[in-house]
Amino acid sequence: MGERCSTTTRISLPVRVQVRIERDRAGEGRTPGCGDSRRHLICSRLAATLPGVELIDLPDFGPDDFAQITAGASDPFGTDHLGIVWQEKTDHVGLIDEGQLIGHAGWIASRVRAADGQVVEVLGLGGVMVHGDRRGSGVGGVLVRGTMEKMRASGGSLAMLFCRPERLSFYGRLGWLPIRDEVTVEQPDGTIVMPLCTCWTALVEGESMPAGGLHVEGLPF
Ligand SMILES: CC(C)(COP(=O)(O)OP(=O)(O)OC[C@H]1O[C@@H](n2cnc3c(N)ncnc32)[C@H](O)[C@@H]1OP(=O)(O)O)[C@@H](O)C(=O)NCCC(=O)NCCS
């Protein structure tokens, strides 16, 4: 690991809720103040419409759906070499463009224990993936921003994710902050120090992640 945080297919989807999503137009989210505060919120005010694209709930999301987005790529997250066992997500959303699934994100409720013993409830974001043909034009930002809105609507107040260092700028412009202290997670064989970067964001104004090292009570997400 580097520096530690120092052909889509036409598908039929089980649509439960469809929500028009919004897109960042001006600088794709590069607005001063977004992501540089310990008390920050989703920068949804940056968004503008991305015509034809919808963020939908995917309650029955499964491997076949995911394979449509990865288009058969091996190691789509670039983390297989770490051998980490990941937690399955309980909630899934997908980005649909004219009936094609072009992106996915999922989340799961988790508990995080701080160095002082305080335990906080977080929503763990993971499985963030945009089809290779659609990257680099703002789709990922739309996906994550819309997912954050849904996480907040589901009752979440704090969110957390793990990513490679090269994704810090992507998440940073969406309001996520890196955790510089050590983060440990549970694996089938015991506790490990998370080799990936850890980021958090407030879904509700005034919420904040406890300072210092953190331990995720369960598998990472
Ligand atoms: C991470 C991922 C979801 C981002 O999706 P994306 O559609 O490329 O995301 P965006 O287009 O919104 O942003 C990507 C970059 O393109 C830039 N960008 C966005 N819109 C742009 C535009 N209109 N023109 C030029 N560049 C643009 C952004 O600035 C961003 O740069 P940054 O990463 O340095 O901040 C995608 O790369 C992916 O699926 N990767 C593989 C899986 C993965 O690593 N997932 C993350 C797990 S934590």
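Which residues is Gly52 in contact with, leaving aside its neighbours within four places in sequence? Keep that question in mind as you look through these views of a predicted model; the legend for Figure 2 has the answer.

**Figure 1. The whole protein chain, with 3 helices and 11 strands.** Starting at the N terminus, you can follow the elements in the order β-β-α-β-β-β-α-β-α-β-β-β-β-β. The protein chain has 221 residues, and 37% of them count as buried. Its mean pLDDT is 83, with 78% of the residues reaching 70 or more. Take care with residues 7-48, where pLDDT stays under 50. The model does have 94 contacts beyond four places in sequence for that stretch. Still, where pLDDT is low, the predicted coordinates should not be read in detail.

**Figure 2. Gly52 and its partners Asp97 and Glu98.** Here is the answer to the opening question: leaving aside neighbours within four places in sequence, Gly52 is in contact with Asp97 and Glu98. Gly52 belongs to strand β2, which covers residues 47-57. Asp97 is 45 residues away from Gly52 along the chain, yet their C-alpha atoms are separated by 5.8 Å. Is Gly52 buried or exposed? Gly52 counts as exposed, because it has 9 C-beta neighbours inside 10 Å, and a residue with 12 or fewer is called exposed.

**Figure 3. Two residues with a positive phi that are not glycines, Asp75 and Glu98.** Asp75 has a phi of about 50° and sits in the loop between α1 (63-70) and β3 (91-97). Asp75 counts as exposed because it has 9 C-beta neighbours inside 10 Å. You have already met Glu98 as a contact of Gly52. Its phi is also positive, at about 50°, and its place is the loop between β3 and β4 (100-114). With 10 C-beta neighbours inside 10 Å, Glu98 counts as exposed.

**Figure 4. Lys89, in the loop between α1 and β3.** Lys89 has 19 other C-beta atoms within 10 Å, so Lys89 is partly exposed. Its contacts, leaving aside neighbours within four places in sequence, are Gly106, Trp107, Ile108, Gly126, Gly127 and Phe221. Another pair to look for is Lys89 and Gly124: they are 35 residues apart in sequence, and their C-alpha atoms are 8.4 Å apart in space.

**Figure 5. Helix α2, a mostly covered element.** Does the helix have the span you would expect from its residue count, and what is that span? At 1.5 Å a residue, the 15 residues of α2 should span 21 Å, and the end C-alpha atoms are 21 Å apart, so the two values agree. Of these 15 residues, 12 are buried. Among them are Val139, Leu143, Arg145, Thr147 and Lys150. After the helix comes Gly155, with a positive phi near 110°.

**Figure 6. Gly138 and Val139, where the loop after β5 leads into helix α2.** Gly138 is in the loop between β5 and α2, while Val139 lies in the helix. Which of these two residues counts as buried? Val139 does, because it has 20 C-beta neighbours inside 10 Å. Gly138 has 19 other C-beta atoms within 10 Å and is therefore partly exposed. The C-alpha atom of Leu50 is separated by 8.6 Å from that of Val139, 89 residues away along the chain. For Gly138 and Leu50, 88 residues apart along the chain, the separation is 9.2 Å. Not counting residues up to four places away in sequence, Val139 touches Leu95, Ile102, Gly103, Val130 and Arg134.

**Figure 7. The surroundings of the ligand, made up of 19 residues.** The closest are Arg135, Gly140, Gly141, Cys163 and Phe170. Which elements give two or more residues to this shell? They are β5 (119-130), α2 (139-153) and α3 (168-172). By type, the shell holds 8 nonpolar, 6 polar and 5 charged residues.

**Figure 8. The largest nonpolar core, with 48 residues.** Leu95, Leu143, Ala159, Leu161 and Cys199 touch the most other members. Take a look around Cys199: not counting residues up to four places away in sequence, Cys199 touches Leu161, Cys163, Tyr171, Trp176, Leu177, Pro178 and Ile179. One of these, Cys163, is also among the residues closest to the ligand.

Technical notes: Residues numbered from 1 in each chain as written. Predicted model: local features only at pLDDT ≥ 70, side-chain atom pairs only at ≥ 80, totals over all residues. Near = placed C-beta within 6 Å. Helix = DSSP H or I, 4+ residues; strand = E, 2+ residues; numbered from the N terminus. Nonpolar A, V, L, I, M, F, W, Y, C, P; charged D, E, K, R; others polar. Contact = placed C-beta atoms within 7 Å. Expected span 1.5 Å × (residues − 1). pLDDT = per-residue confidence, 0-100. Core = buried A, V, L, I, M, F, W, Y, C linked by C-beta atoms within 7 Å.
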